[in-house]
Each structure stands twice: as C-alpha cells, then as structure tokens.
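Trainee: I would like to take a close look at one part of this protein. Could you walk me through it slowly?

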Amino acid sequence: MNECRERFDTFMTHSNVLLNEVLQRVASRKGKMMRPLLTFLSAKLFDEIAENTHLTALTFEFFHTASLIHDDIVDESGLRRGDASVHSAYNNKVAVLVGDYILANALDTASQTHDAYLVHILSETAKHLADGELLQLHNIQNQEMSEEVYFDIIRRKTAALFAACAEAGARSVNAAEKDCEVLRRFGEIVGLCFQIRDDIFDYLSGSEIGKPTGNDMREGKITLPLIHALNVTKDAQMLHLAQLVKQGEASERDIQALVHFTVENGGINYAFERMSQLAQQAHDLLSAYPDSPVHRALNDYVLYVVARNF
C-alpha cells in the first residue's frame, strides 16, 4: 500500500502549472484507498502480489479519482471530503479536463499490464457507473420510492467498482476462473455495504462525520433509510416532501423534517439490518477458502466497511 501511494503521488505532478496545481490538490485529499487495498488482498488470497497487481490497483484508483471529479460536477456538489470540489474551486471546464486526464492515465496504466481483459473490466465498470448516474437522473421522475431501483443504482454506481477491483486483483495473479467470479461477487456485496453505510451517514449529526446532515437530499438523492420509512408509513406529507427533494425544490426545513422522520420511523435501523445481511453473505463467500492471515484480513475488510464512522 505504501508503494501504491508513492506511485499514485508520483503521477500527480506535472510541468503544466494549472494541471499540477489541481493534481496536487486532488492528491492531498486522497481517501483511505479502499479499492487498491481490496485489489491487493484479493490477489494475495491466491498468490504473491505481482507487478501486474500493483498496476491493476493503480488503474482502479486513478479511475476512481477521475470518477469523483466528474461525479461532483454531475451532482453539483461544492464539497469533497470537507474541502471545495475541483469544479467549485476552479470551474467545470477545468474539472472535466483534469478528470479526463486522470482517466486517461488509468487507461495507460491498465495497458502496461498487457492484459486486454483488464481493459475490458475497466470499460465495463465505466459503463456501469455512467448507466447508474443516468438511472438516478431518470428516477427523479418516478413517483414510487422503490428499494429495488435504489439497489440497482448503487450496484452500478458504487458496487461495480468494488467488484472490478476484487476480480481484477484475483486475475492479476492468474487465479482460477471460478475464484475470480467468487471474488467479483464478494467485491460487489462489499460495495453495496459501502454505499449503504455512506447513506446512513446522511442521517447522523454532521459533527460526527464531517458533512452536513441531509447532504444527499440537498443533491436530490433519496436513499435506503428514507425509502424504507416512506414505504412503511405511507405518510402523504413526507412523500410529498420526498418528491420535492427529487426535483431539487426542497427547503432546508423540508430536508430536516425528512431526516427526523426517517430516524423516528426505523429507517436507520432497517438500513443497518440490510447492510449486516449483505456483510454475512460476503463472509459466507470467503468461508470456501482456508483460514490464513489474508483470509482474515478480507473478513476484517468487510467488518471495517460496515463499522466505519467516516
């Protein structure tokens, strides 16, 4: 992981003054690097980490970094990890171009493995992410608060990348096809847990997690806790407020009313239950493999995803 961070940071410099400034800004805010970690663990479950494993991990971290820059533009989000997003600090043109530049480097890094299938996995993941964003935009018109649609969106927008990291990690050390498929499913389940946990944060005190309560709703997103509370109660007033959220017309008072309503009507508890069920499925998939430090680390990875507080 230290080598991965160093190689990532080495790329994030450039002779172009503006590009270097933005790249350095992005590099200074890199998160926990959960996706490269999943790639390494998935590889080491089957064999020693190879150079292609490093390149694979970097490929998906560059891809993830580019996608965050582009997502902030689509979501019109002014903040990224508590700081001004790239498009907010500069403008949309700069953000799109820097995102494209980092995405191009993801492709270049993938090409260095000389593995056409890695490029295929990367391109399929990119299509899933774009498809998920478009599905979310289209869902604004949907009057129904559908749990099925919610899971379809997060499976494409978030889980697809975790699935790709786990599968590609296994493939980087030539794991058997059946093992690559198991790891892909494992990664997808972990990605679903990751997104549900993120969505739960939106209903907690902003001081606990470093972002305002109800921030997803400010971006027009209706997530699992609120969907459950609405479907259980069928509260007409809250359903109306939720439609206002989707349309970007909800006031701050409306959003806080929905947050309170969600907490009071079991939305948070339900989301935790669904996440715990999924986490157990991930543990069950790993149970097919013999006990080892890496096996235990993958189980701990799942536990961290569901228990993290930021």
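Trainee: Which helices are included in what covers the buried residues of α3?

Mentor: Happy to help! Please keep in mind that this is a predicted model. The cover over the buried residues of α3 includes α1 (2-11), α4, α8, α9 (177-201) and α16 (293-307). Helix α3 itself spans residues 34-44 and is mostly covered, with 9 of its 11 residues buried. Find them on your screen: Met34, Arg35 and Pro36 come at the start of the list, then Leu38, Thr39, Phe40, Leu41, Ser42 and Ala43.

Now let's turn to two of those covering helices, α4 and α8. Helix α4 runs over residues 51-75, and its axis comes within 10 Å of the axis of α8, with a crossing of roughly 165°. Because that angle is over 145 degrees, α4 counts as roughly antiparallel to α8. The crossing of this pair is right-handed. On the α4 side, the contact is made by Thr56, Phe60, Phe63 and His64, while α8 brings Leu161, Ala164, Cys165, Ala168 and Gly169. Sorted by class, the residues of this contact are 6 nonpolar and 3 polar, with no charged ones.

Phe60 deserves a second look. Leaving aside its neighbours within four places in sequence, it touches Leu161, Ala164, Cys165 and Ala168, and its contacts also include Leu118, Ile121, Leu122 and Thr125. Phe60 also belongs to the largest nonpolar core, a group of 90 residues, where it is listed with Ile102, Phe186 and Ile196 as having the most contacts inside. Helix α8 gives the largest share of this core, 12 residues. As a general background, nonpolar side chains in soluble globular proteins tend to be buried together.

Let's finish just ahead of α8, in the loop that links α7 (116-138) to α8 (147-171), where you will find methionine 145. Its relative accessible area is 4%, so methionine 145 counts as buried, the limit being under 20%. What does methionine 145 touch, leaving aside its neighbours within four places in sequence? The list is Ile222, Ile227, Leu230, Asn231, Leu239, Ala242, Gln243 and Lys246. Take alanine 242 from that list: 97 residues separate it from methionine 145 in sequence, yet their C-alpha atoms are 8.8 Å apart in space. For another setting, try glutamate 273 in helix α15 (residues 267-286). Its relative accessibility is 46%, so glutamate 273 counts as partly exposed.

How values were computed
Residues are numbered from 1 along each chain as its sequence is written. This is a predicted model: local features need pLDDT of at least 70, side-chain atom pairs count only at pLDDT 80 or more; totals for chains, interfaces and linings use all residues. Side-chain values use heavy atoms; hydrogens and water are left out. Helices (H or I, at least four residues) and strands (E, at least two) are DSSP runs, numbered from the N terminus. Buried means under 20% relative accessible area, exposed over 50%, partly exposed in between (1.4 Å probe, protein chains only). Contact means heavy atoms within 4.5 Å. Axes are lines fitted to C-alpha atoms, for helices over the stretch in contact, and angles run from 0 to 180 degrees between N-to-C directions. Angles under 35 degrees count as roughly parallel, over 145 as roughly antiparallel, 65 to 115 as roughly perpendicular and the rest as oblique. A crossing is left-handed if the near helix is turned anticlockwise from the far one by less than a right angle, and right-handed if clockwise. Ala, Val, Leu, Ile, Met, Phe, Trp, Tyr, Cys and Pro count as nonpolar, Asp, Glu, Lys and Arg as charged, and the others, Gly among them, as polar. A nonpolar core is a set of buried Ala, Val, Leu, Ile, Met, Phe, Trp, Tyr and Cys residues joined through side-chain atoms within 4.5 Å.
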